[in-house]
Amino acid sequence: MPRYYVTTPIYYVNDAPHIGHAYTTLIGDALARWHRLLGDDTFFLTGTDEHGLKIQRTADANGITPLEQADRTSERFREAWKLLDISNDDFIRTTEPRHHLAVQTLLQKAYDNGYVYRGTYEGLYCVACEGYYNESDLVDGRCPIHKTPVETLVEENYFFRLSAFADRLLAWFEADPDCIQPDGKRNEAAGIVRQGLEDVSISRTSISWGVPVPWDPGHVFYVWYDALINYATAVGYGSDPERFAEWWPETTHLLAKDILRFHCVYWPAMLMAAGIENLPKLRVHGFLLVGGEKMSKTRLNQIAPSDLVEDFGVDGYRYHFLRDNSFGPDGDFSYEGMIVRYNSDLANNLGNLLQRVSTVVAKKCAGIGPAPRMDSPLAGVVAAAYNDAAAAWANTQPSVALEATWRIIRETNDYLQTNEPWKMEPGPECDAVMGDALEVLRVVTILASPAMPGACDVIWRRIGLSGSPRDERLPAAAAWGGYPGGLVIEAGDPLFPRRKA
Ligand code: MSP
């Protein structure tokens, strides 16, 4: 059975979950759900990044220990993901013993292989990024991302010989264009490597909140070099070599462009340094902006997922963020835009189709759903849209996949509009049209279930099917003609009541 291992970044525990974190997590969830439909053995990982100066300082400011800070905020992420119906198979915390073991194992290997050495470092450090900058990276002397002042830090620490990997990284980018997608993001990574890679400092003596360096315990690893390893920890690195060997070659990391350098340059180099041959696939998206700006605590423009779930429901929320932005470029979130899309795609299109079908079946078919025609004009529409949707999911383009799926819904509403079954006499002709529409609903419910698992379960039941669309297997389940007919159709309240602006 093919395997699919997908990860989100692990989120810092100094900040509450907002729609930006949820954006990546939702994409991971939808991809995991899609792969489960394909019958792939799927493992979906998310979690929290709990070490480092930033967490230590936030804890100090809150008058609690770093672990208390981590416990509290990590729990908030778990709650947010529960609210959004996120189906992660594991939730990793970097303070767990399994992770410490993996970090120490991997970096000890890099050290033994001659890729880590001791030296002195002086640099310009942004605490919010947990990263050093070159003078030339700064904007008006400040961090280019957070716009906050940087600090000069001088330390005796261990260095990772990143400079040794430039050629191997470029060779990888070239040999396998699929390694980093979209293309523009791979070019950006190649640009970073071509500009020249300097060795990077990977340990600190100035803080204690981290994973101790195994060969020199006065040092802890700098948070990024601990954090990246979480992806390996969760599939058994350092503890279960067999499990690691099975899952690691199937890894896909999702992330936004803010952490491209760490994931697309440093992490593959670390893996090579530790002698791990398979490198992950990287899928890098843009920022979700609010009013044209990146969300941040300091700008007070963060939106919590729960605020929008209250207004649009979990599935309305999920659909919007998966459909609205294409994966790659930045996208601007607006509440008004969310209302417009909800009303058009969910209330008017999908909701309306379900409502029409259940009303007409109740009136003209005695409430029993008829079977579709094998030569229905909608069969070809479904087949073409399925191919497009499957290709889009495979290319990490949920928005394109959902657009293809909604094409089926629009065409079916047009088909009903043309045939006007509500004006027909009960009989074979009316049954045929309604059977076709029910078959469309069956397929659409399967195809939309990675985006809207809860609502799709409801539609599935309303059209008389038992079980859940998530138990179906693609591509067989998308083949025209699966709706058996003879099932009781449940009329119910509109699933997506219209929202007022
Ligand atoms: N802890 C590091 C990641 C370590 S992974 C080994 C970190 N954490 S973070 O909490 O800042 O999360 C950053 C990630 O959250 C982004 O890469 C992205 O996946 C997601 N997003 C946070 N804000 C976002 C937007 N405004 N828009 C899109 N994604 C956003 O960096």
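**Ligand shell in a predicted model**

Tutor: Of the 23 residues around the ligand, those that come nearest are I10, T24, D49, D258 and L288. Keep in mind that the model is predicted.

Student: What makes I10 one of the residues around the ligand?

Tutor: A residue counts if one of its heavy atoms lies within 4 Å. A backbone N or O atom of I10 lies 2.8 Å from a nitrogen atom of the ligand. I10 therefore meets the cut-off.

Student: Why is the pair between Y12 and the ligand called a polar contact?

Tutor: The cut-off is 3.5 Å between N or O atoms. A backbone N or O atom of Y12 sits 3.1 Å from an oxygen atom of the ligand. So the pair qualifies. A256 also places a backbone N or O atom 3.1 Å from a ligand oxygen atom.

Student: How much of the ligand does the protein bury?

Tutor: Alone, the ligand exposes 670 Å². The protein buries 95% of that.

Student: Which element gives the most to the shell?

Tutor: β1, with four residues. β1 (3–12), α1 (19–37), α7 (223–227) and α8 (230–233) each supply at least two.

Student: How does the shell divide by residue class?

Tutor: Into 13 nonpolar, eight polar and two charged residues.

Student: Where does UniProt place the domain "Methionyl/Leucyl tRNA synthetase"?

Tutor: At residues 136–357, in an unreviewed entry. That stretch of the chain is 43% helix and 17% strand. Its end C-alpha atoms are 62 Å apart.

Definitions and conventions
Residues numbered from 1 in each chain as written. Predicted model: local features only at pLDDT ≥ 70, side-chain atom pairs only at ≥ 80, totals over all residues. Heavy atoms only, no water. Polar contact = N/O pair within 3.5 Å; in protein donor to acceptor, adjacent residues only side chain to side chain. Areas by Shrake-Rupley, 256 points an atom, 1.4 Å probe, with all protein chains shown as cover. Nonpolar A, V, L, I, M, F, W, Y, C, P; charged D, E, K, R; others polar. UniProt positions renumbered as here; feature names shortened; annotations may be inferred.
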